[in-house]
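Please open the structure in your viewer and keep the sequence panel visible beside it. The tour below proceeds by selection, one stop at a time.

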Amino acid sequence: MASVNSKTLVLITGANTGLGFEIAKSLFARPNPYHILIGCRGDMGRASDAISKLEQLSPESMSTAEPLSIDISSDESIAAAYSQVQQKFGRVDILVNNAGADLDTSVASGKLTPREGWNRTYDVNVTGTHLFTTAFAPLLLASPSSTRRLLFITSGLSSLTEHASGTSARYALAPAGVWPKPPAMWLAYRVSKAGMNMLAAEWARLLKNDGVLVFDLSPGFLNTGLGDDRATGEWRDKSKIGAIDPKIGADFCADVVEGCRDAEAWPLRVLRRDSVQPW
Ligand SMILES: NC(=O)c1ccc[n+]([C@@H]2O[C@H](COP(=O)([O-])OP(=O)(O)OC[C@H]3O[C@@H](n4cnc5c(N)ncnc54)[C@H](OP(=O)(O)O)[C@@H]3O)[C@@H](O)[C@H]2O)c1
């Protein structure tokens, strides 16, 4: 078995569940050897469970994983995670900014006030993602690998072009003379992900001459727990409303981790699995 230091070191935030876990699973099932830091906030038993599952699903895998406690909404957590990775590895080869929040449903159910929902969504998807990336950028730059990559996970809901055109059934124009007007669904989420797209563009600009390839990926509508009120155990099956198996989005992201889409890295665009998403 190859030593951890000879493997490609991948850090995935929010990898205890959903798309992040599925990306780790997809990488584990491939022949290339990875050491994956499974980012998780709060109860780290969930990261350990996720790792056990990876090992069970791919018993012959060349890859390994370990948990990393990281809450990107907390400066203290970011600093502690940075110190841990810096001291243990001194580098990160691939950083996957997967952690994300959609709290619009929690606002709709009255669990959060609109201000709490909007601010927390922005805190995770934009501020936290940026501050986490800022903290870890030196570790990407310290990687001797020729395959350094930084991934952002955006959303099909973030397209300004599609939203502003008023032509899509998804964005039907609001009726005249009605107040309050029915807002677009998941508005705080989509606004935050549009902000994240600018963030990805900025990181692509910043790291262009350092050989770090930056990607902004739109993996499709996935049947994960995103947006559900998991605290009350409510777990809607989104496949009934068109969500696809998260494995499909994860395989796409894992392809990017492996370099299959490197030719499309610059200039930055939002990549869908089989097309480019309009800004
Ligand atoms: N599902 C979709 O249709 C879809 C489509 C396009 C893009 N995406 C994006 O894909 C990414 C993963 O979403 P998902 O669908 O897999 O949702 P998910 O199942 O809810 O997973 C989200 C992950 O992010 C973590 N997270 C949330 N806030 C965090 C914070 N402050 N610090 C660290 N981790 C945090 C969650 O941790 P906890 O378990 O502790 O909550 C969880 O591990 C998100 O960026 C999302 O916007 C999803």
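The following stops visit a helix, a ligand and a strand residue in turn. Please note that the model is a predicted one.

**First stop: helix α3**

Select residues 75-88, which form helix α3. At 1.5 Å a residue, these 14 residues should span 20 Å, and the C-alpha atoms at the two ends are indeed 20 Å apart, which agrees.

Now colour Ser77, Ile78, Ala81 and Val85, the buried residues of α3. Where do these buried residues fall when α3 is seen down its axis? They lie within an arc of 100°, so they line one face of the helix. The spacing follows a general rule: an α-helix has 3.6 residues a turn, so residues three or four places apart point the same way.

Rotate the view to the face turned away from the buried side of α3, where the exposed residues Asp75, Glu76 and Gln87 are found. Next, display what covers the buried residues of α3, including β2 (34-40), β3 (64-69) and α5 (114-141). Before leaving this region, select Gly90, which follows α3 and has a positive phi, near 70°.

**Second stop: the ligand**

Select the ligand and show the residues around it, of which there are 28. Which of them come nearest? They are Leu19, Asn98, Tyr189, Leu222 and Thr224.

Then examine the polar atoms. Begin with Gly14, where a backbone N or O atom lies 3.2 Å from an oxygen atom of the ligand. At Gly100, a polar backbone atom is 3.4 Å from a ligand oxygen atom. Lys193 takes part through its side chain, a polar atom of which lies 2.9 Å from an oxygen atom of the ligand.

On its own, the ligand has 890 Å² of accessible area, and the protein covers 95% of that. To see the elements that give two or more residues to the shell around the ligand, highlight α1 (18-28) and α7 (187-207).

**Third stop: Gln277**

Finally, select Gln277, which lies in strand β8 (residues 276-277). Is this residue buried or exposed? Gln277 counts as buried because its relative accessibility is 1%, under the cut-off of 20%.

Show the contacts of Gln277 beyond its neighbours within four places in sequence: Ser155, Gly156, Ser158, Ser159, Ser218, Val270 and Arg272. Two of these deserve a closer view. The backbone oxygen of Ser155 lies 2.9 Å from a polar side-chain atom of Gln277, and a polar contact of 2.8 Å joins the side chains of Gln277 and Arg272.

Technical notes:
Residues are numbered from 1 along each chain as its sequence is written. This is a predicted model: local features need pLDDT of at least 70, side-chain atom pairs count only at pLDDT 80 or more; totals for chains, interfaces and linings use all residues. Side-chain values use heavy atoms; hydrogens and water are left out. Helices (H or I, at least four residues) and strands (E, at least two) are DSSP runs, numbered from the N terminus. The expected span of a helix is 1.5 Å times one less than its number of residues. Buried means under 20% relative accessible area, exposed over 50%, partly exposed in between (1.4 Å probe, protein chains only). The arc is that of the directions from the helix axis to the C-beta atoms. Contact means heavy atoms within 4.5 Å. A residue is near a molecule or strand if one of its heavy atoms lies within 4 Å of it. A polar contact is a pair of N or O atoms within 3.5 Å; within protein, one must be able to donate a hydrogen and the other to accept it, and residues adjacent in sequence count only if both atoms are side-chain atoms. Accessible areas come from the Shrake-Rupley method with a 1.4 Å probe; for residues, only the protein chains shown count as cover.
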